[in-house]
Amino acid sequence: MAMEIERKFLLPEYPERLIQEGQVQVLTRHSIDQTYLAIEDGQELRVRKITDLDSGEITYTHTFKDGKGISRKEIEYSISEGLYNQMIEAVKAVPLVKTRITGIWNGTTVEIDLYTQLELTVLEVEFDSLEAAESFVAPGWFGKDVSVDKKYSNKTVWKELQNK
(Lines give C-alpha, C1' and ligand atoms only; values in the text may rest on other atoms or scores of the structure.)
Protein backbone atom coordinates (compact mmCIF):
# COMPACT_ATOMS: atom_id res chain seq x y z
CA MET A 1 0.00 0.00 0.00
CA ALA A 2 1.47 3.35 -1.04
CA MET A 3 1.71 6.36 1.24
CA GLU A 4 0.21 9.68 0.22
CA ILE A 5 2.02 12.52 1.94
CA GLU A 6 0.66 15.94 1.06
CA ARG A 7 0.15 19.46 2.29
CA LYS A 8 -2.85 21.55 1.30
CA PHE A 9 -3.11 25.34 1.12
CA LEU A 10 -6.11 27.65 0.81
CA LEU A 11 -5.17 29.43 -2.42
CA PRO A 12 -6.41 33.05 -2.18
CA GLU A 13 -6.42 33.53 -5.96
CA TYR A 14 -5.63 31.61 -9.13
CA PRO A 15 -1.96 32.32 -10.04
CA GLU A 16 -2.69 33.57 -13.57
CA ARG A 17 0.16 36.10 -13.49
CA LEU A 18 2.69 33.45 -12.37
CA ILE A 19 1.51 31.17 -15.19
CA GLN A 20 1.77 33.96 -17.78
CA GLU A 21 5.26 34.86 -16.54
CA GLY A 22 6.36 31.20 -16.72
CA GLN A 23 6.96 30.84 -12.98
CA VAL A 24 4.30 28.10 -12.94
CA GLN A 25 4.34 25.77 -15.96
CA VAL A 26 0.99 24.06 -16.52
CA LEU A 27 1.39 20.35 -17.31
CA THR A 28 -2.20 19.05 -17.35
CA ARG A 29 -5.77 20.23 -16.92
CA HIS A 30 -8.46 17.79 -15.78
CA SER A 31 -12.09 17.91 -14.76
CA ILE A 32 -12.70 15.51 -11.88
CA ASP A 33 -16.07 14.17 -10.68
CA GLN A 34 -15.43 12.63 -7.25
CA THR A 35 -17.95 10.55 -5.30
CA TYR A 36 -17.47 8.84 -1.96
CA LEU A 37 -18.87 5.35 -1.55
CA ALA A 38 -18.03 4.97 2.15
CA ILE A 39 -16.42 7.12 4.86
CA GLU A 40 -15.68 5.95 8.40
CA ASP A 41 -13.01 6.58 11.05
CA GLY A 42 -10.25 7.86 8.78
CA GLN A 43 -11.00 5.37 6.01
CA GLU A 44 -12.63 6.24 2.72
CA LEU A 45 -13.63 4.64 -0.56
CA ARG A 46 -14.17 6.88 -3.55
CA VAL A 47 -14.51 6.80 -7.32
CA ARG A 48 -13.50 9.42 -9.85
CA LYS A 49 -14.32 10.22 -13.44
CA ILE A 50 -11.34 12.17 -14.80
CA THR A 51 -11.61 14.08 -18.07
CA ASP A 52 -8.44 15.44 -19.68
CA LEU A 53 -9.50 18.94 -20.75
CA ASP A 54 -6.91 19.06 -23.53
CA SER A 55 -7.31 15.61 -25.13
CA GLY A 56 -10.87 14.75 -24.07
CA GLU A 57 -9.69 11.34 -22.79
CA ILE A 58 -11.80 10.01 -19.90
CA THR A 59 -10.50 7.63 -17.22
CA TYR A 60 -12.08 6.18 -14.09
CA THR A 61 -10.46 5.32 -10.76
CA HIS A 62 -11.37 3.62 -7.48
CA THR A 63 -9.42 4.66 -4.38
CA PHE A 64 -9.11 3.46 -0.79
CA LYS A 65 -7.45 5.77 1.76
CA ASP A 66 -6.68 5.07 5.40
CA GLY A 67 -5.39 7.54 7.95
CA LYS A 68 -5.64 11.14 9.06
CA GLY A 69 -3.35 14.12 8.71
CA ILE A 70 -0.76 14.76 6.03
CA SER A 71 0.34 11.11 5.68
CA ARG A 72 -2.17 8.40 4.70
CA LYS A 73 -2.13 4.96 3.13
CA GLU A 74 -3.59 4.91 -0.38
CA ILE A 75 -4.50 2.30 -2.98
CA GLU A 76 -5.76 3.59 -6.34
CA TYR A 77 -6.47 1.70 -9.52
CA SER A 78 -8.26 2.14 -12.83
CA ILE A 79 -11.79 0.82 -13.30
CA SER A 80 -14.11 0.57 -16.29
CA GLU A 81 -16.79 3.11 -17.16
CA GLY A 82 -19.44 0.44 -16.53
CA LEU A 83 -18.18 -0.32 -13.02
CA TYR A 84 -17.94 3.41 -12.26
CA ASN A 85 -21.52 3.97 -13.42
CA GLN A 86 -22.79 1.05 -11.31
CA MET A 87 -21.14 2.48 -8.19
CA ILE A 88 -22.46 5.98 -8.87
CA GLU A 89 -25.96 4.62 -9.39
CA ALA A 90 -25.75 2.60 -6.16
CA VAL A 91 -24.93 5.61 -3.94
CA LYS A 92 -27.12 8.16 -5.78
CA ALA A 93 -24.92 11.02 -4.56
CA VAL A 94 -23.95 14.35 -6.05
CA PRO A 95 -20.32 14.21 -7.22
CA LEU A 96 -17.85 16.83 -6.05
CA VAL A 97 -16.67 18.51 -9.26
CA LYS A 98 -13.34 20.26 -9.55
CA THR A 99 -10.92 21.38 -12.20
CA ARG A 100 -7.39 20.29 -11.39
CA ILE A 101 -4.44 22.15 -12.87
CA THR A 102 -1.16 20.30 -12.38
CA GLY A 103 1.96 22.35 -12.83
CA ILE A 104 5.57 22.88 -11.83
CA TRP A 105 6.60 25.77 -9.59
CA ASN A 106 10.25 26.15 -8.58
CA GLY A 107 10.92 22.46 -9.34
CA THR A 108 7.93 21.36 -7.24
CA THR A 109 4.79 19.74 -8.63
CA VAL A 110 1.66 21.58 -7.51
CA GLU A 111 -1.98 20.66 -7.98
CA ILE A 112 -4.50 23.50 -8.01
CA ASP A 113 -8.11 22.43 -7.44
CA LEU A 114 -10.88 24.85 -8.41
CA TYR A 115 -14.19 23.54 -7.05
CA THR A 116 -17.04 24.35 -9.42
CA GLN A 117 -19.94 24.00 -6.94
CA LEU A 118 -18.24 26.03 -4.19
CA GLU A 119 -16.19 29.15 -3.77
CA LEU A 120 -13.06 27.22 -2.92
CA THR A 121 -9.62 26.92 -4.49
CA VAL A 122 -6.83 24.88 -2.91
CA LEU A 123 -3.27 24.01 -3.82
CA GLU A 124 -1.74 20.65 -2.89
CA VAL A 125 1.87 19.50 -2.87
CA GLU A 126 2.75 15.79 -2.53
CA PHE A 127 6.01 14.67 -0.95
CA ASP A 128 8.20 11.56 -0.94
CA SER A 129 8.71 11.67 2.83
CA LEU A 130 7.14 13.07 5.98
CA GLU A 131 10.37 14.92 6.69
CA ALA A 132 10.20 16.69 3.30
CA ALA A 133 6.56 17.64 3.90
CA GLU A 134 7.22 18.99 7.37
CA SER A 135 10.29 20.99 6.32
CA PHE A 136 8.70 22.48 3.18
CA VAL A 137 8.46 26.26 3.33
CA ALA A 138 5.56 27.48 1.19
CA PRO A 139 5.65 30.87 -0.52
CA GLY A 140 3.08 33.45 0.53
CA TRP A 141 1.02 33.07 -2.65
CA PHE A 142 0.07 29.48 -1.63
CA GLY A 143 -2.09 30.96 1.15
CA LYS A 144 -2.98 29.50 4.52
CA ASP A 145 -1.82 25.94 5.30
CA VAL A 146 -4.99 23.87 5.84
CA SER A 147 -3.32 20.46 5.67
CA VAL A 148 -4.82 19.24 8.94
CA ASP A 149 -7.98 21.38 8.92
CA LYS A 150 -10.81 18.87 8.40
CA LYS A 151 -13.05 21.66 7.09
CA TYR A 152 -11.10 21.61 3.81
CA SER A 153 -10.79 17.84 3.32
CA ASN A 154 -12.46 16.58 0.15
CA LYS A 155 -14.66 14.17 2.08
CA THR A 156 -15.94 16.97 4.38
CA VAL A 157 -16.61 19.25 1.41
CA TRP A 158 -18.39 16.36 -0.38
CA LYS A 159 -20.56 15.62 2.68
CA GLU A 160 -21.59 19.28 2.87
CA LEU A 161 -22.46 19.21 -0.82
CA GLN A 162 -24.83 16.25 -0.22
CA ASN A 163 -26.77 18.37 2.31
CA LYS A 164 -27.41 21.22 -0.15
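Which residues does the UniProt annotation "domain: CYTH" cover? Let us find out, and then work through some exercises on this predicted model.

**Exercise 1. Place the annotated domain and describe its make-up.**

Solution.
- Step 1: According to the unreviewed UniProt entry, "domain: CYTH" covers residues 2-164.
- Step 2: The end C-alpha atoms of residues 2-164 lie 34 Å apart.
- Step 3: For secondary structure, the span is 19% helix and 50% strand.

**Exercise 2. Follow strand β7 and find its partners.**

Solution.
- Step 1: Begin with β6 (residues 96-105), which runs antiparallel to β7 and is joined to β7 by eight bridges. Across this pairing, K98 stands opposite Y115 of β7.
- Step 2: Look at the turn. The hairpin of β6 and β7 has two residues between the strands, and N106 takes a positive phi near 50° there.
- Step 3: Turn to β8 (residues 120-127), which pairs with β7 in the antiparallel sense over five bridges. Here Y115 stands opposite L120 in β8.
- Step 4: β7 and β8 also form a hairpin, with four residues between them.
- Step 5: Is β7 largely enclosed or largely open? Strand β7 (residues 108-115) has six of its eight residues buried, so the rest of the structure largely encloses the strand.

**Exercise 3. Find the largest nonpolar core and the elements that build it.**

Solution.
- Step 1: A helpful background idea is that nonpolar side chains tend to be buried together in soluble globular proteins.
- Step 2: The largest nonpolar core here has 17 residues, and L123, V125 and F142 touch the most other members.
- Step 3: The elements giving two or more residues to this core are β1 (2-10), α1 (16-20), β6, β7 and β8. With three residues, β8 gives the most.
- Step 4: Zoom in on L123. Leaving aside neighbours within four places in sequence, L123 is in contact with a list of residues that includes F9, V110, I112, W141 and F142.
- Step 5: There is also a second, separate core of eleven residues, with A93, L96, V122 and V157 among them.

**Exercise 4. Classify two aromatic pairs.**

Solution.
- Step 1: A pair of aromatic rings is described by the distance of the centres and the angle of the planes. The structure holds eight aromatic pairs.
- Step 2: Take F9 and F142. Their ring centres are 5.2 Å apart and their planes meet at 65°; planes over 60 degrees apart count as edge-to-face, so this pair is edge-to-face.
- Step 3: Place the two residues. F9 lies in strand β1 and F142 in the loop between α3 (130-135) and β9 (144-145), so the pair ties together parts that are 133 residues apart in sequence. Both F9 and F142 are buried.
- Step 4: Now take Y36 and W158. With centres 5.4 Å apart and planes at 55°, the pair is tilted. Y36 in strand β2 and W158 in helix α4 are 122 residues apart, and their pair links distant parts of the chain.
- Step 5: Widen the view from F9 and F142: together with W105, F127, F136 and W141, they form one aromatic cluster.

**Exercise 5. Describe the surroundings of Y36, then inspect helix α4.**

Solution.
- Step 1: Check the record. The "active site" annotation of the unreviewed UniProt entry covers Y36.
- Step 2: Is Y36 buried or exposed? Buried means under 20% relative accessible area. Y36 has 2% relative accessibility, so this residue counts as buried.
- Step 3: List the contacts. Beyond neighbours within four places in sequence, Y36 is in contact with E44, L45, R46, V91, N154, K155 and W158.
- Step 4: Move to helix α4 (residues 154-162), whose buried residues are N154, K155, V157, W158 and L161. Seen down the axis of α4, these buried residues fall within an arc of 160°, so they line one face of the helix.

**Exercise 6. Describe the setting of A38.**

Solution.
- Step 1: A38 is found in strand β2 (residues 24-40).
- Step 2: A38 has 38% relative accessibility, so this residue counts as partly exposed.
- Step 3: Setting aside neighbours within four places in sequence, A38 is in contact with Q43, E44 and L45.
- Step 4: Finally, compare positions with I104. A38 and I104 are 66 residues apart in sequence, and their C-alpha atoms are 33 Å apart in space.

Conventions
Residues are numbered from 1 along each chain as its sequence is written. This is a predicted model: local features need pLDDT of at least 70, side-chain atom pairs count only at pLDDT 80 or more; totals for chains, interfaces and linings use all residues. Side-chain values use heavy atoms; hydrogens and water are left out. Buried means under 20% relative accessible area, exposed over 50%, partly exposed in between (1.4 Å probe, protein chains only). Two strands pair if DSSP finds at least two bridges between them. Contact means heavy atoms within 4.5 Å. UniProt positions are given in the numbering used here, feature names are shortened, and annotations may be inferred rather than shown by experiment. The arc is that of the directions from the helix axis to the C-beta atoms. A nonpolar core is a set of buried Ala, Val, Leu, Ile, Met, Phe, Trp, Tyr and Cys residues joined through side-chain atoms within 4.5 Å. Rings of Phe, Tyr and Trp (its six-membered ring) pair if their centres lie within 6.5 Å; planes under 30 degrees apart count as stacked, over 60 as edge-to-face and the rest as tilted.
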